[in-house]
Amino acid sequence: MVAGLEWHILWQRIFHPDHVFVLALWRTIYISVLAQTLGVVLGLIAALMRMSKFWPLRFLSGLYVLIFRGTPVIVQIFFVYFGANLLFGFTLIPRSVNFGLFTMDGAAFAGILALGINEGSYMREIIRAGIDAVDRGQLEAARSLGMPYRLAMRRIVLPQATRFIIPPLGNEFNNMMKTSSLVFFIGVTELFGDAEIRYSTTFKPVEYFLAVAFWYLVLTSVWSVIQAQIERRLTASERGDELSFWERVVHAWAPVAAWGRRA
Amino acid sequence: MNEHVMRAEDVRKRFGRLEVLKGISLEVVPRETVCIIGPSGSGKSTFLRCINHLEKIDAGRIEVNGHLIGYRQENGRLVEDTEANIAKQRSEIGMVFQRFNLFPHMTALENVIEAPLRVRKTPKTVAIREGEELLARVGLADKRDVYPGKLSGGQQQRVAIARALAMKPALMLFDEPTSALDPETIGEVLAVMEELSAVGMTMIVVTHEMGFAREAADRVVMMDDGCVLEEGTPEHFFTSPDHERTQQFLSKIL
């Protein structure tokens, strides 16, 4: 019952989050950002490998997608975290990873690695489709000017492909922020993990998970505004529509507005 | 100096079973403007694209400025040349496409200076100065910072011509440069091409613009079904063509 909810818990989780919670929120952000970045890099490499003239590269690229798109992420996360140790007899992921300037919790590192590798297999298809969507004449024009393939790809084709890649990439990142909650199962207390722990000690699941849903919604909403800004900048050269930052915010919340309007 | 800017010898090309070029031979001397005409599907565009190796050829040879295009000789056989060499050869040959193919993410000036900057490593100030001069030459000095999406077809094609000229090519190829244009913008593009031809640029133009062929061409080449049917001066060609097929073609489009 709504009346049975302890509203002050929800209130406290939303308006007065403690530092443990803020740290969990921060973990969700950096795990998603780093995993997505790794995914884009791996996806780009795999996409370029797929277009190679050298068949073993094409084969490897295909195998990569087959395996990592064909098995559950959670299995991959477990595999990276526990499995590598079992298989190779050494600890692939130590307790904490030292990057010189800072150290990172080993489980978080494993999570980022697994999520990123998984994401790369999806990004390969998105990037490939983006490259395919660029008019063939662009590459021909670049090459007719004496640009070698790599230069033409880097200066002419890829910048145009980003226009097609960014919208689905935005969706992928939105997914990533939510999927990153799976790393809780290897012991990383990010947003979901934090809620899970609090609920198990207080037995107030609805309050804590409502709060966590709210924070995920905040993250994805902020992202959709940022994404719209990026897309706007990318298409600025082709279209003249100028929406302000706040109009973009309104746009991101359009479903809510539409609900108020009564279709 | 080379006697010929471009020399094609018995060039053959097939797409699968379809033989599109059945042994084309053509020579173009410096400062000459050659117009290639003929019905669609006759292989004109394909031949043009072979000249800068956008299409591979199956037999024969093409030389530009005395250099074999796209292939090198190894133990008496022709093998495909390296990427870097082909790129270098292409940088000597300007090409203008039917659909302009301007880079939409770059302004007019950026389109023009891209290849000189990245391929020739021309210093930026020099490239910009030359780029501005070229845009002025095609009558678009005021559009230097405009993106292609905001330009008319004729303006885009003129930027594309400036872009090709920026590499100071020895030979310019035009692949139906006015076929995708509105009738009212065709004239401005043809005017630029006529000026180029008049100052002695070596040009090969695939076109359906008979007016241009008559005015600007030194030689007209008629292609049909993958062969060169006949060639000659515009006067001879348009008044008393040798071939019946040419007469038919001309009577249809004139």
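# Strands and helices in chains A and B

User: In this predicted model, which residue of β11(B) does B:I36 stand opposite?

Analyst: Start with the two strands. Strand β3 (residues 33–37) of chain B is joined to β11(B) by 4 bridges, and the two run parallel. Across this pairing, the residue opposite B:I36 is B:V221.

User: Is strand β11 of chain B largely enclosed or not, and how many of its residues are buried?

Analyst: Strand β11 covers residues 219–224 of chain B. B:R219, B:V221 and B:M223 point one way, B:V220, B:M222 and B:D224 point the other way, and all are buried. The strand is therefore largely enclosed by the rest of the structure, with a buried count of 6 of the 6 residues.

User: Which residue takes a positive phi in the hairpin of β11(B) and β12(B)?

Analyst: β11(B) pairs with strand β12 (residues 227–232) of chain B in the antiparallel sense, over 5 bridges. In that pairing, B:M222 stands opposite B:E230. The hairpin has 2 residues between the strands, and the one with a positive phi near 50° is B:D225.

User: Which strands stand at the edges of the open sheet β2-β1-β4-β5 in chain B?

Analyst: The sheet has 4 strands, and the pairing is antiparallel. An edge strand here has a single partner, so one side of it is left without a neighbour in the sheet. In chain B that applies to β2 (18–28) and β5 (67–68).

User: What is the bridge partner of B:E63 in β5(B)?

Analyst: Strand β4 spans residues 59–64 of chain B. It is joined to β5(B) by 2 bridges, and the strands run antiparallel. The partner of B:E63 is B:L68.

User: Turn to chain A. How are α2(A) and α9(A) oriented to each other?

Analyst: Helix α2 is residues 19–50 of chain A, and helix α9 is residues 205–235. Their axes lie 12 Å apart, at an angle of about 45°. An angle of 35 to 65 degrees is neither roughly parallel nor roughly perpendicular, so the two helices are oblique.

User: How many nonpolar residues are in the contact of α2(A) with α9(A)?

Analyst: α2(A) passes α9(A) in a right-handed crossing. A:F21, A:L25, A:T28 and A:I29 come from α2(A), while A:W215, A:Y216 and A:L219 come from α9(A). The contact has no charged residues and 1 polar one, and the nonpolar count is 6.

User: What percentage of the residues of chain A count as buried?

Analyst: Chain A has 11 helices and 2 strands. It is 263 residues in length, and the buried share is 41%.

Key. Residues numbered from 1 in each chain as written. Chains lettered and ligands numbered in written order. Predicted model: local features only at pLDDT ≥ 70, side-chain atom pairs only at ≥ 80, totals over all residues. Heavy atoms only, no water. Axes fitted to C-alpha atoms, helices over the stretch in contact; angles between N-to-C directions. Parallel < 35°, antiparallel > 145°, perpendicular 65-115°, else oblique. Left-handed = near helix turned anticlockwise from the far one by under 90°. Contact = heavy atoms within 4.5 Å. Nonpolar A, V, L, I, M, F, W, Y, C, P; charged D, E, K, R; others polar. Pairing = 2+ DSSP bridges. Buried < 20%, exposed > 50% of the residue type's maximum accessible area, 1.4 Å probe, protein only.
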